[in-house]
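Me: I've got a model open and a few labels I'd like to see justified. Can we go through them one at a time?

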Amino acid sequence: MNEYNVIGVMSGTSLDGLDLVYVSFKFGDVWKFQIKTSETLEYDKIWQNTLKNLVKFSPSVLKAIDKDYTRYLGKQINNFIEKHQITELDFVSSHGHTALHKPDKGITYQIGNQSSLCKLLNKAVVCNFRVQDVELGGQGAPLVPIGDELLFNEYSYCLNLGGFANISFNKDRKRLAYDICPVNIVLNHYVVALGLNYDDKGFLASSGQVNESLLNKLNALDFYNQVYPKSLGLEWVQANIFPICDSFKLEVKDTLRTFVEHIAIQITSQVSNNQNGTVLITGGGVYNDFLMERIKSLSDSKIISPSKNIIEFKEALIFAFLGVLRLRNEINCLKSVTGASINHSSGNIFYP
């Protein structure tokens with residue numbers, strides 16, 4: 001097969017919602033894609049609270065949540081298929097939702113990847129993309145760079161602003177990628193106290209003041225001096241970011257303003273040395289106008305925001321593509337990116 005119709009499913013750490021994209025892929029000399037329809041389904045308060053606290057649950061409770069979340073995914077994907085009258089569908093490719101990610105301890109666990117999903121959908125499912133990479137000594141993340149390489153290689157850098165900022169680019173004929181710093185996972189955390197889900201367009205952050213002492217402490221965190229491959233998870237944020245920010249007892253707007261500056265500094269330190277470079281930026285953080293303004297002001301590279309579909313659904317699109325590569329038994333996980341011992345084709349395949 002050189003043509004595939006796939007539903008890609010992505011749920012990220014920023015808890016913006018469940019991203020669903022129906023996309024067609026075609027392979028000739030190069031891979032081409034067309035997004036046919038897409039949708040983000042917001043989590044209700046119960047699921048938001050559950051997913052936010054996954055790291056706190058015992059193994060037995062987590063397994064029960066995994067079953068519930070798999071059923072939830074099945075229902076939402078079936079509703080998506082019915083709503084958009086999707087009749088040509090080869091398979092579903094799903095990321096699930098990350099519950100635990102400690103690759104240094106050989107642990108990564110995404111809920112919603114149970115074999116029962118294919119029975120609920122009565123369709124083939126490709127999922128659970130991270131586990132094999134960790135077993136091979138890798139970080140299990142990021143996985144999107146193979147899609148950047150094969151679908152978006154006209155850009156110098158591909159940068160995603162989601163729960164975390166991650167970047168991928170080519171250097172010395174190798175694709176490199178890593179997490180840069182937390183983004184929405186921190187910004188959204190601090191506006192909850194104000195009864196908000198997010199800081200709309202960065203308005204609150206723009207009204208605050210940078211606390212230089214806090215900024216210096218954040219920039220001095222050891223993670224930023226580590227060599228790649230490297231990745232971040234909620235556990236790291238809870239152990240490192242929140243205690244530092246909370247210790248300053250600042251107004252929310254000042255914490256936000258300082259953290260936006262921290263994000264902009266960390267991101268531009270990775271892309272600002274290339275005046276002819278182009279940076280494709282996607283993810284929910286693109287809609288934070290103030291953050292984008294700070295990134296642009298500190299960077300020498302040309303910052304490019306693509307169409308809304310690519311901004312919001314690039315990760316779901318690429319997870320659909322990872323499924324295509326897996327079914328073809330082609331490499332979808334790069335050792336240059338994750339640190340695994342070999343390039344490999346990762347993901348479980350389930351048939352109804």
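Me: What makes the crossing of H6 and H9 right-handed or left-handed?

Reply: First, the ground rules: this is a predicted model, where local features need pLDDT of at least 70, side-chain atom pairs count only at pLDDT 80 or more, and totals for chains, interfaces and linings use all residues. Residues are numbered from 1 along each chain as its sequence is written, and side-chain values use heavy atoms, with hydrogens and water left out. Now the crossing: a left-handed one has the near helix turned anticlockwise from the far one by less than a right angle, a right-handed one clockwise. H6 and H9 cross in the right-handed sense. Helices here are DSSP runs (H or I, at least four residues), strands are E runs of at least two, and both are numbered from the N terminus.

Me: Why are H6 and H9 called oblique?

Reply: H6 (residues 184–191) packs on H9 (residues 234–247) at about 50 degrees, with the axes 11 Å apart. Those axes are lines fitted to C-alpha atoms, for helices over the stretch in contact, and angles run from 0 to 180 degrees between N-to-C directions. Under 35 degrees is roughly parallel, over 145 roughly antiparallel, 65 to 115 roughly perpendicular, and the rest oblique. So the H6 and H9 pair is oblique.

Me: Which residues in H6 meet H9?

Reply: Ile-185, Val-186, His-189 and Tyr-190 in H6, and they meet Leu-234, Val-237, Ile-241, Phe-242, Cys-245 and Asp-246 in H9. Contact means heavy atoms within 4.5 Å. The residues of this contact divide into eight nonpolar, one polar and one charged. In that split, Ala, Val, Leu, Ile, Met, Phe, Trp, Tyr, Cys and Pro are nonpolar, Asp, Glu, Lys and Arg are charged, and the others, Gly among them, are polar.

Me: Why does Arg-173 count as buried or exposed?

Reply: Buried means under 20% relative accessible area, exposed over 50%, and partly exposed is in between (1.4 Å probe, protein chains only). Arg-173 has 88%, so exposed it is. Arg-173 sits in the loop between strand S9 (164–171) and strand S10 (174–182), and its phi is positive, near 65 degrees.

Me: And what is the relative accessible area of Asn-122?

Reply: 56%, so Asn-122 is exposed. Asn-122 also has a positive phi, about 55 degrees, although it is not a glycine. Most residues other than glycine have a negative phi.

Me: What kind of peptide bond joins Ala-141 and Pro-142?

Reply: A cis one, with omega about -15 degrees. Tyr-228 and Pro-229 are joined by a cis bond too, with omega about 10 degrees.
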